[in-house]
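Reader: I would like to go through this model feature by feature. For each one, give me the general idea where there is one, then the case at hand.

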Amino acid sequence: MNYLLIGAALSFTTAAIADTDISKLTDAQRHALAAKTEVWAPVPPVVTAAEGQAPSDAIQLLDNTLSQWQSVNTGAKAQWTMADGVLTVKPGTGDIRSKASFCDIQLHLEWRAGNDRMDKEGQLRNNSGIFLQEMYEIQILDSYQNKTYPNGQAAAVYKQSIPLVNATRPTGEWQHYDIIYTAPRFDGEKRVSPGYVTVLHNGVLVQNHTEISGTTEWIGQPQVKAHGCLPLKLQDHGDNVSFRNIWLRKL
């Protein structure tokens, strides 16, 4: 379907309508004129979305066997702990990545900081992260009454974009991230469009179509590296952080 032609036709129709005194038309003429701006195709597919459940077209990324995740270090099965639908970092085993690769996605995940780091402050208070395409980190941190540099707190695009607000619930409670991610585009080694991310933290908008400068770097500036679709990555920062209900939809 040629959407450019449809757009041109609608623009022409809009101009024609603007020059028409609609009040002088009959009811049948008004209905006929209204029909000129009705677009009947394509018809969106039906997706069911029951309260509290993943949409019917979502890809579920957690099961009790961790079959969809592998160790970043070894490529073998992920060694984190999985029990009753809850995935918990096993410190020292390293980051894990999804076996499948993704580009543009809608991502939902829930995470919880343990109570075992309450004597720590800043980045040492239950730190982890979700890396989009393994390169771009949305920070996970216990940011409830815990001061740190704002571009490193929970829901920051790490070291790049400060969240609009701090929506972190008290330590030990489940936190929700809903992320809309548009991957960067490349022509060979040249980036022709940056990545963008929108993040809701516990239902609160904290990143609003934020441009991603480049790779997440702890030291130094973001780098631009050409790539295609890549896995998600969860970070082992040595802390007791748990995850559940991770699902995504390809966009």
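Reader: Which residue in strand 9 is the bridge partner of Ile-105?

Author: The model is a predicted one. In strand 9, Ile-105 has Tyr-181 as its bridge partner. That pair belongs to the contact between strand 6 (residues 105-113) and strand 9, an antiparallel pairing with seven bridges.

Reader: Which other strand is joined to strand 9 by six bridges?

Author: Strand 12 (residues 195-201) is joined to strand 9 by six bridges, and the two run antiparallel. Within strand 12, Leu-200 is the bridge partner of Asp-178.

Reader: How should I read the side chains along strand 9, and which of them are buried?

Author: In a regular strand, side chains alternate between the two faces of the sheet. Strand 9 (residues 175-182) shows this alternation: Gln-175, Tyr-177, Ile-179 and Tyr-181 are buried and point to one face. The other face takes His-176, Asp-178, Ile-180 and Thr-182, which are not buried. Tyr-181, the partner of Ile-105, is thus on the buried face.

Reader: In what order do the five strands of the open sheet come?

Author: The order is 2-5-14-7-8, with antiparallel pairing. Strand 2 (69-71) and strand 8 (136-141) each have a single partner strand and stand at the edges, so one side of each has no neighbour in the sheet. Strand 2 is joined to strand 5 (residues 96-98) by three bridges, and Ser-71 has Ile-96 as its bridge partner in strand 5.

Reader: Where does the hairpin of strand 10 and strand 11 show a positive phi?

Author: Gly-188 has a positive phi near 65° in that hairpin, where two residues lie between the strands. Strand 10 (residues 185-187) and strand 11 (residues 190-193) run antiparallel and are joined by three bridges. Arg-185 is opposite Ser-193 of strand 11.

Reader: Which residues other than glycine have a positive phi?

Author: Most residues other than glycine have a negative phi, and most peptide bonds are trans. Lys-159 is one exception, with a positive phi of about 65°. Its place is in the loop between strand 8 and strand 9, and at 29% relative accessibility Lys-159 counts as partly exposed. Asn-245 also has a positive phi, near 50°. Asn-245 is found in strand 15 (residues 241-250) and is partly exposed, with a relative accessible area of 29%.

Reader: Which residues does the cis peptide bond join?

Author: Ala-41 and Pro-42 are joined by a cis peptide bond, with omega about 0°. Pro-42 sits in the loop between helix 2 (27-35) and strand 1 (59-60).

Reader: How many helices and strands does the chain have, and how spread out is the chain?

Author: There are two helices and 15 strands. The radius of gyration is 23 Å, well over the 18 Å that the globule rule gives for 251 residues, so the chain is more spread out than a compact globule. The C-alpha trace spans about 75 × 40 × 35 Å along its principal axes.

Reader: What share of the residues is buried, and what share of the contacts joins residues 24 or more positions apart?

Author: Of the 251 residues, 41% count as buried. Among contacts with a separation of 6 or more, 63% come from residues 24 or more positions apart.

Reader: What of the surface and the charges?

Author: The accessible surface comes to about 13,600 Å², with 53% of it belonging to carbon and sulfur atoms. The chain has 22 positive and 25 negative charges, and their mean positions are 3 Å apart.

Definitions and conventions. Residues are numbered from 1 along each chain as its sequence is written. This is a predicted model: local features need pLDDT of at least 70, side-chain atom pairs count only at pLDDT 80 or more; totals for chains, interfaces and linings use all residues. Side-chain values use heavy atoms; hydrogens and water are left out. Two strands pair if DSSP finds at least two bridges between them. Helices (H or I, at least four residues) and strands (E, at least two) are DSSP runs, numbered from the N terminus. The radius of gyration is taken over C-alpha atoms; the globule rule is 2.2 Å times the number of residues to the power 0.38. Buried means under 20% relative accessible area, exposed over 50%, partly exposed in between (1.4 Å probe, protein chains only). Contact means heavy atoms within 4.5 Å. Accessible areas come from the Shrake-Rupley method with a 1.4 Å probe; for residues, only the protein chains shown count as cover. Lys and Arg count as positive and Asp and Glu as negative; His and the chain ends are not counted. The place of a charge is taken as NZ of Lys, CZ of Arg, CG of Asp or CD of Glu.
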